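Hi,

Here is the structure I promised to pass on, with my notes underneath. Have a look at it first, then read on.

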Amino acid sequence: MRTTGNFVSTITKVNKIGRSYGFRNGIHWAEKAVRVNEIDRYLFAQFRKCSEMFAKLQGLSTGGLSVSDQLSMACQEFLHCISVSHLRNQQKQKPVLPTGTFRAYIKEFHWKGIDGEAYDFRFAIVNDGDGSSPSYRIYINSAPHLSDALDDLHRFHILGSDSNPYICWDSDITAFDKANAVMIVWAQNYKKELDKDKERRGAVRHQRNAPSRQHFLLRGTFRSCVESRENVAAGEVVVEEVARAAGEVASIWPKVVYLEQGVMKRIMGILGKRKPELGGMLGFTEEQELVSHFVFDENARVNTVEYNPNTKFLNKVLNKRWSKENISLAGFVHSHPGNFNRLSFADIEYAARICQEFDMEYLFMPIVTSAADSQASITGYIVTREAQVFDCDIEVMDNSIMQENNWGGVEESLLEATRAEFEMASQKKDSGTDPMSQDETFARISTAIPLDHMKGCTIVGVGCGGARGFYEDMARCGVGKFLLIDGDTSSRSNIASQNGYISEIGKSKASVVKGRLLDINENLVVTALDCMLDDSLTDEDFERHLADLEAEPEKTVICAFTDSFEAQARCQCLARRFGSPLLSAQHHANGDSSEIIYWYPGISRYTQEEILADRYAAYANGYKNDVTSVGSPIFNTTRLNALCEKIATGLLLYKSGFESRYTSFLKYNPDRNLILIRQKCLDFLGSTLEGLFGHGDRDHFDDVVWLNPEEILS
């Protein structure tokens, strides 16, 4: 293949095949092929030469030209390799993203303290829940003087270790906007506390960017005339002198300045339409980092090449109106004639002097060219106190005060509600009315369980033997009130099966458990009744004790943890009368299996009496129970208690408004209120639950079956 025409035809065919495979051309295919080792680098170099030669020949008459034998052979090799390539159609395949979630969001705020110190906040918002039930946690990546806040954790709602602190809120955060609001309010309040602390210690230095300190604009001129060579030289000398007087060159300046949409509209509506050499003052609030104010200097002294600000008028705005509204000076905007959209040396020198007077690092100094003189435009500049000039982009934001890139789009109403929550929580902690949340005892569970709600909950415990571990653990979960009923006393035989101790022998079980609970949380309210739940304790007596505890029906769980069938049946009646959830649990013979029944008024379809209809009928016909905890090691009881604790927590939280994983069983499967546990390990033959578990293999170990009672009643 010596003629150029054949060469061009072959490369054209190569490119066509490449495009049919989904590549841009043949050399694009070769770039991918060499990366996956389908061709070696020598061949790739030859193919590149072919492609470069093809590009040079485009549009030329190639009839009388010829190519070298080496290039001709490479061209043929090019065609062969791409024809048999296994990369065909790879580029055409549409990528499919796997399902998943980005679970962390980073938010940053850059504010200034009362003395001008930079306050930089950086947060990570993490979703610990799932798509249907989000649960946001706010980690503090960095904050000013964070170690001071860590020394006073509860004051600032911070939990976690020094290396991984996070903001703890009184309720679960299930909405992203709420997480943003909590983060913003926390940072605002923390900033206020830092500023107050500096004022108390008298450590406030000269405040930067603060018109309230009675700074005054110097007289000067913004001059837009095009400088002559003499003016340029003189200007450079002035700038150098200003820079030397200012000291070191500033190293940080904004690359983008955000202007509120309304401010931009006013600037271009006034300066962009009238004759040049007009100007005005720009302001912003420290917490927004957004130029949100523009004052047109209407009575300034101007001519065709100069704008002399009316300092008397502008100083009045700075030190009276803007000072009251906490608005800081951001810079000046003025217009130039023609297409002269850059700062003059006079502009730079005057801006640098203002920076030094106001103790500012820089001024925002945009230049507007007017449509009355040329084409309307605006160009952004930053002038430092050292008289250095840097270009900056201008980004226009909408008219909303809370901008997406600064506040996360959080509504002001949500911020106000969150501020109120923060203030209420702070008052509780300062007044000492919330000892549970102050005490670090419950710090590790505060994000999983709403302690304020649990503190108002009541556990009614009928039977204080094997269930004592349940009561202790519920106290560790924050439950604040207990009514314990048991007329039995501790014996030596209870040590192995009921968490008993030698020192407790002969003592009332109810009183012993009361002492253990108060040893966990001294602020608990515990009533211990040394009697059985029989006719000696009337329904009226029962309700009187609950009234003394100020127990609320929906925040009370009646627990039937006794071997006495009569007491269990009475608990169901009391739960129905009082309108409270019921939790009943017991072991079967030798502890081989256990059962749990829970009932929530208006939610659960079947009551304990309906589920255990055969048992109720047997007792009505004179049946006497002889099954006790004999033969059941303590780990069976511990296993049963642990499952009861999760269920009880869900029952207490169900109508609390607190989104919790522990309430899902009532939300999504309210009819499955019978749980059976096969506690026998591996050797399950003869278990009373054998038919329910129904597997033929022998690999079972501690099985749990969660049943709808209808499955066994039908």
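Let me start with one residue: isoleucine 114 is buried, with a relative accessible area of 15%. Its place is in the loop between β1 (104–112) and β2 (118–127). Glutamate 199 is 85 residues away along the chain, yet the C-alpha atoms of isoleucine 114 and glutamate 199 are separated by 8.6 Å.

Before the rest, a word on confidence. This is a predicted model, and the pLDDT averages 79 over the chain, with 79% of the residues scoring at least 70. Residues 226–239 fall below 50, and that stretch has 14 contacts in the model beyond near neighbours in sequence. Residues 431–438 also stay under 50, with 18 contacts beyond four places in sequence. Where pLDDT is low, the predicted coordinates should not be read in detail. I'd treat the contacts of both stretches in that light.

Now the overall picture. The chain has 714 residues, and buried ones make up 49% of them. There are 25 helices and 24 strands. If you take the contacts between residues at least 6 apart in sequence, 68% of them join residues at least 24 apart. The exposed area is about 34900 Å², and carbon and sulfur atoms supply 50% of that.

On to the core. In soluble globular proteins, nonpolar side chains tend to be buried together. Here the largest nonpolar core has 41 residues, and the ones with the most contacts inside it are Phe470, Tyr471, Phe482, Leu583 and Ile596. Helix α22 (residues 634–653) gives the most to this core, with 8 residues. What does phenylalanine 482 touch, leaving aside its neighbours within four places in sequence? Its contacts are Ile459, Tyr471, Met474, Ala475, Leu517, Leu524, Val525, Val526, Thr527 and Leu549. Tyr471 is thus a partner of phenylalanine 482 and is also listed among the residues with the most contacts inside the core.

Helix α4 (residues 69–83) is a handy one for a sanity check. At 1.5 Å a residue, its 15 residues should span 21 Å, and the end C-alpha atoms are 21 Å apart, so the two agree. The buried residues of α4 are Leu71, Ser72, Ala74, Cys75, Phe78, Leu79, Cys81 and Ile82. An α-helix has 3.6 residues a turn, so residues three or four places apart point the same way. You can see that spacing in the list, for instance in Leu71, Cys75, Phe78 and Ile82. What do the buried residues of α4 pack against? The partners are α1 (4–20), α2 (26–35) and α3 (41–57).

Alanine 74 gives a closer look at that packing. This residue of helix α4 is buried, with a relative accessible area of 7%. Not counting residues up to four places away in sequence, alanine 74 touches Gln46, Phe47 and Cys50. Alanine 74 and glutamine 46 are 28 residues apart in sequence, but their C-alpha atoms are 6.0 Å apart in space.

You may wonder about the cysteines. How many disulfides does a search of the whole structure find? The count is 0. Take cysteine 75, which is buried with a relative accessible area of 0%. The closest cysteine sulfur is in cysteine 50, but at 5.2 Å it is too far for a bond. Cysteine 81 is buried too, with a relative accessible area of 11%.

Another residue to click on is lysine 178, in helix α6 (residues 176–201). Is lysine 178 buried or exposed? With a relative accessible area of 15%, it counts as buried, because the cut-off is under 20%. Apart from residues up to four places away in sequence, lysine 178 touches Trp169, Ile173, Leu414, Thr418 and Glu421.

Last, some backbone angles. Most residues other than glycine have a negative phi, and most peptide bonds are trans. Asparagine 37 has a positive phi of about 65° although it is not a glycine. Asparagine 37 lies in the loop between α2 and α3 and is exposed, with a relative accessible area of 69%. Alanine 387 also has a positive phi, near 70°. Alanine 387 lies in the loop between β15 (377–384) and β16 (389–397), but this residue is buried, with a relative accessible area of 6%.

Cheers

Key:
Residues numbered from 1 in each chain as written. Predicted model: local features only at pLDDT ≥ 70, side-chain atom pairs only at ≥ 80, totals over all residues. Heavy atoms only, no water. Core = buried A, V, L, I, M, F, W, Y, C linked by side-chain atoms within 4.5 Å. Buried < 20%, exposed > 50% of the residue type's maximum accessible area, 1.4 Å probe, protein only. Helix = DSSP H or I, 4+ residues; strand = E, 2+ residues; numbered from the N terminus. Contact = heavy atoms within 4.5 Å. pLDDT = per-residue confidence, 0-100. Disulfide = S-S within 2.5 Å. Expected span 1.5 Å × (residues − 1). Areas by Shrake-Rupley, 256 points an atom, 1.4 Å probe, with all protein chains shown as cover.
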